[in-house]
Amino acid sequence: RTSTRMTGSKTSRPSTDMDGEVIRILARDGVELAVGARPAANADGPAVVVVHGIASHMGWYDGVARALQARGISAYLPDRRGCGISGGERGHAEDWSILVDDVRRVCEEVRGRHPGAPLGIIGLSLGGVFAAALAIRRPDLCDTLILPAPAFASTVNVPLARRLRVLRRSFTNPTKLYDLPFGPKEIVNRDDWRTALEGDALRT
């Protein structure tokens, strides 16, 4: 693994940058995963891994990481493969189990950095699906699982014709990117936040 630092601006809007330490972890297939790190002053205190949702990245949750760090909780924010500054095909993974294994590797890295400390996983939206799958597969790996609005089911009505087109292209062009049937205007209710998220160059 290696570690670097990234810098970003600080505004009252949701940040789209991570300005703490960034750890690099290799996935099982060699893809480099980027993990934002905000370790607390006391390394023996609890640690948490924040798994982001669809189309987002670690920068969206740096404010959460700062708040946790200020309360003595070390926070780690992985960018999912193909998202943010992690490697991999943009917005694509060959199989869901690869994404779960990526989270496992991040959790094992955090365990190694904080041996004996309680470890929690916060899985947001789609990240909640991978966090829950990991907790089922490896119940020994984390002590706490928090799932704010996990994406176990969708309330977005996608027309049947579009679903069939996506299904067909999953065989003919599996790495094609699609516009989501929702965006920042459905996620947040503040115009300045929507503007920040819509203009985010790392949003996939």
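**Exercise 1: confidence.** Work out how far to trust this predicted model: what is the mean pLDDT of the protein chain, and what share of its residues reach 70 or more?

*Solution.* Start with the average: the protein chain has a mean pLDDT of 88. Then take the share, and 91% of the residues turn out to reach 70 or more. Now look at the weak spot: residues 1-13 have a pLDDT below 50. That stretch still has 34 contacts in the model beyond near neighbours in sequence. A word of caution here: where pLDDT is low, don't read the predicted coordinates in detail.

**Exercise 2: fold and overall shape.** Find how many helices and strands the protein chain has, and in what order they come.

*Solution.* Count first: there are 6 helices and 7 strands. Next, walk from the N terminus, and you get β-β-β-β-α-β-α-β-α-β-α-α-α. The radius of gyration is 17 Å, close to the 17 Å from the globule rule for 204 residues, so the chain is as compact as a globular protein of that length. For the box, the C-alpha atoms fill roughly 55 × 40 × 30 Å along the principal axes.

**Exercise 3: inside and outside.** Figure out what percentage of the 204 residues is buried and how much area the protein chain exposes.

*Solution.* Begin inside: 43% of the residues count as buried. Then check the contacts: taking those between residues at least 6 apart in sequence, 64% join residues at least 24 apart. Moving outside, the chain exposes about 10900 Å², with 54% of that supplied by carbon and sulfur atoms. Finish with charges: 28 side chains are positive and 23 negative, and the centres of the two sets sit 4 Å apart.

Key:
Residues numbered from 1 in each chain as written. Predicted model: local features only at pLDDT ≥ 70, side-chain atom pairs only at ≥ 80, totals over all residues. Heavy atoms only, no water. pLDDT = per-residue confidence, 0-100. Contact = heavy atoms within 4.5 Å. Helix = DSSP H or I, 4+ residues; strand = E, 2+ residues; numbered from the N terminus. Rg over C-alpha atoms; globule rule 2.2 N^0.38 Å. Buried < 20%, exposed > 50% of the residue type's maximum accessible area, 1.4 Å probe, protein only. Areas by Shrake-Rupley, 256 points an atom, 1.4 Å probe, with all protein chains shown as cover. Lys, Arg positive; Asp, Glu negative; His and termini not counted. Charge placed at Lys NZ, Arg CZ, Asp CG, Glu CD.
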